Amino acid sequence: MANTTTAGKPITCRAAVARAAAAPLAIEEIVVDPPKSGELRIKIICTSLCHSDVTFLNLNVPPACFPRILGHEAVGVVESVGDGVTEVVEGDMVIPVFMSDCAECRDCKSKKSNLCTKYPFKLDPWMHDGSSRFRDLNGETIHHFMFVSSFAEYTVVHLANVIKLDPTIPPNRACLFACGVSTGVGAAWRSASVERGSTVAIFGLGSIGLAVAEGARMCGAARIIGVDVNPEKFELSKKFGVTDFIDSTSCGDKSVSQTINEMTDGGADYCFECVGRASLVEEAYACCRQGWGKTVVLGVDTPDAMLKFRSTELLVNGKTILGSLFGGLKPRSDIPILVKKYMDKELELDKFVTHEVGFEEINKAFDLLHQGKSLRCVIWMDK
């Protein structure tokens, strides 16, 4: 049954708006227009803070764009739907996801790709049709972020970017499936296909790197080597399956890749770069094993960053290097599998959530992440 009170009408609600680079978010009243054809409007229950939100808040060159509503890890309830939407109805609990899955295009029908052709992933500030559903009380357009924009009490998302969710799952855990945890676990599980008994090296033990470790642990990796500049992370990383730790600032005359090659008698089977630095991608590639080693890139570097490899090295060593957007996961088919793994206690989510705050404290969540005190901070809209 349609929500006759608000369906088809604009909604005035609160949002945390990014109005300038590196400035605190401003909680203000905005107007959220009703969904167009193929879209739905969602009442956000809770949202978690991802490092990508921090990156884009601090960015002052394109694709930076202000004013903008950030946020892309969330769980909400469908408030109303646009024309043609039948897969979800008002009252359904859903996860909005930045990766589209239309289930119709060649890529979405293929098991080889998670990149939708019909609704491709972009960093531009609009809905898929090139327009916005947000405006402030003065009528100024407010821009979208990664097709989700969850730092608002209500948001509008296309059906291709929504996964229906079992309402019995705690929302403060389910929101993690929208980006970070899924990306890291998926990179080990789907992109790399980590094998039981294998050796894994992870560059960067932030939330993505620890999610890779969790995925590698689930896949049965025998040895998981964590690399970071902060030695205090080793104890924490043990909870995620990391067995060995390298402080990259204390390797002496040796590079990290040389150290790993010696530790593993020739290199790790799988290496993951989770920082977003070209030099670390090259280091990871240098210490994945010749013949079958895979280097998986998850970190987001600056748009002009370049990788440098000798052509003969690629030819002779027989290694693989690949990018892993959203961990290679196909949202419609793979997120439900991860949800089941969580419900079966195979995938452990509780250890990722280090803080929970109310919506009025959203800037505190940013501060905690800046200070390195938070993996995932869940922000409750009604807390």
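Which residues in helix 1 meet which residues in helix 11? Keep that in mind as you open the structure, which is a predicted model.

**Stop 1: helix 1 and helix 11**

Select residues 51–58 for helix 1 and residues 362–370 for helix 11. On the helix 1 side you will find His 51, Asp 53, Val 54, Leu 57 and Asn 58, and they meet Phe 366, Leu 369 and His 370 of helix 11. By class, this contact has four nonpolar, three polar and one charged residues. Now look along the axes: they come within 11 Å and cross at roughly 100°, which makes helix 1 roughly perpendicular to helix 11.

Stay with helix 1 and colour its buried residues, which are Asp 53, Val 54, Phe 56 and Leu 57. Their cover includes strand 3 (39–48) as well as helix 11.

**Stop 2: two cis bonds**

Next, move into the loop between helix 1 and strand 4 (73–81), where you will find Pro 63. The peptide bond that leads from Pro 62 to Pro 63 is cis, with omega near 15°. Pro 67 is found in the loop between helix 1 and strand 4 too, and the bond from Phe 66 to Pro 67 is cis, with omega near -5°. For context, most peptide bonds are trans.

**Stop 3: salt bridges**

The structure holds 27 salt bridges, and a few of them make good stops. Select Arg 19 and Glu 140 to begin: they form a salt bridge whose closest N and O atoms are 3.5 Å apart. Arg 19 lies in the loop between strand 1 (11–17) and strand 2 (26–32), while Glu 140 lies in the loop between strand 6 (134–136) and strand 7 (141–142), so the pair ties together parts that are 121 residues apart in sequence. Arg 19 is partly exposed, at 33% relative accessible area, and Glu 140 is partly exposed at 37%. Add Glu 28 and Asp 136 to the selection, and you have a network of salt bridges that links them with Arg 19 and Glu 140.

Then jump to Arg 173 and Glu 356, another salt bridge, with the closest N and O atoms 3.6 Å apart. Here helix 3 (residues 171–174) supplies Arg 173 and strand 16 (residues 353–358) supplies Glu 356, so the pair ties together parts that are 183 residues apart in sequence. Is Arg 173 buried or exposed? Arg 173 is buried, with a relative accessible area of 13%, whereas its partner Glu 356 is partly exposed at 30%.

One more pair is worth a click: Asp 228 and Lys 233 meet through their side chains in a salt bridge of 3.4 Å, N to O. Asp 228 is buried at 7% relative accessibility, and Lys 233 is partly exposed at 27%.

**Stop 4: the nonpolar core**

Which residues touch the most other members of the largest nonpolar core? Select Phe 151 and Phe 272, which hold that place among its 102 residues. Helix 5 (residues 207–219) gives the most to this core, with eight residues. Centre the view on Phe 272 and show its contacts beyond four places in sequence, among them Ala 187, Ala 188, Val 200, Phe 203, Val 212, Val 296 and Leu 298.

**Stop 5: helix 4 and helix 10**

Two of those contacts of Phe 272, Ala 187 and Ala 188, are among the buried residues of helix 4. Select residues 180–191 to see helix 4 as a whole: eleven of its twelve residues are buried. Just after helix 4 comes Ser 193, whose phi is positive, near 55°.

Now add helix 10 (residues 331–343), whose axis comes within 12 Å of that of helix 4, the two crossing at roughly 100°. Helix 4 is therefore roughly perpendicular to helix 10. At the contact, Ser 182, Val 185, Trp 189 and Arg 190 of helix 4 meet Asp 334, Ile 337 and Leu 338 of helix 10. These residues divide into four nonpolar, one polar and two charged.

**Stop 6: two positive phi values**

Finish with two loop residues. Most residues other than glycine have a negative phi. Ser 149, in the loop between strand 7 and strand 8 (154–158), has a positive phi near 55°. Ser 149 is buried, with a relative accessible area of 0%. Lys 345, in the loop between helix 10 and strand 16, has a positive phi near 65°. Unlike Ser 149, which is buried, Lys 345 is exposed, with a relative accessible area of 70%.

Technical notes: Residues are numbered from 1 along each chain as its sequence is written. This is a predicted model: local features need pLDDT of at least 70, side-chain atom pairs count only at pLDDT 80 or more; totals for chains, interfaces and linings use all residues. Side-chain values use heavy atoms; hydrogens and water are left out. Axes are lines fitted to C-alpha atoms, for helices over the stretch in contact, and angles run from 0 to 180 degrees between N-to-C directions. Helices (H or I, at least four residues) and strands (E, at least two) are DSSP runs, numbered from the N terminus. Angles under 35 degrees count as roughly parallel, over 145 as roughly antiparallel, 65 to 115 as roughly perpendicular and the rest as oblique. Contact means heavy atoms within 4.5 Å. Ala, Val, Leu, Ile, Met, Phe, Trp, Tyr, Cys and Pro count as nonpolar, Asp, Glu, Lys and Arg as charged, and the others, Gly among them, as polar. A salt bridge is a side-chain nitrogen of Lys or Arg within 4 Å of a carboxyl oxygen of Asp or Glu. Buried means under 20% relative accessible area, exposed over 50%, partly exposed in between (1.4 Å probe, protein chains only). A nonpolar core is a set of buried Ala, Val, Leu, Ile, Met, Phe, Trp, Tyr and Cys residues joined through side-chain atoms within 4.5 Å.
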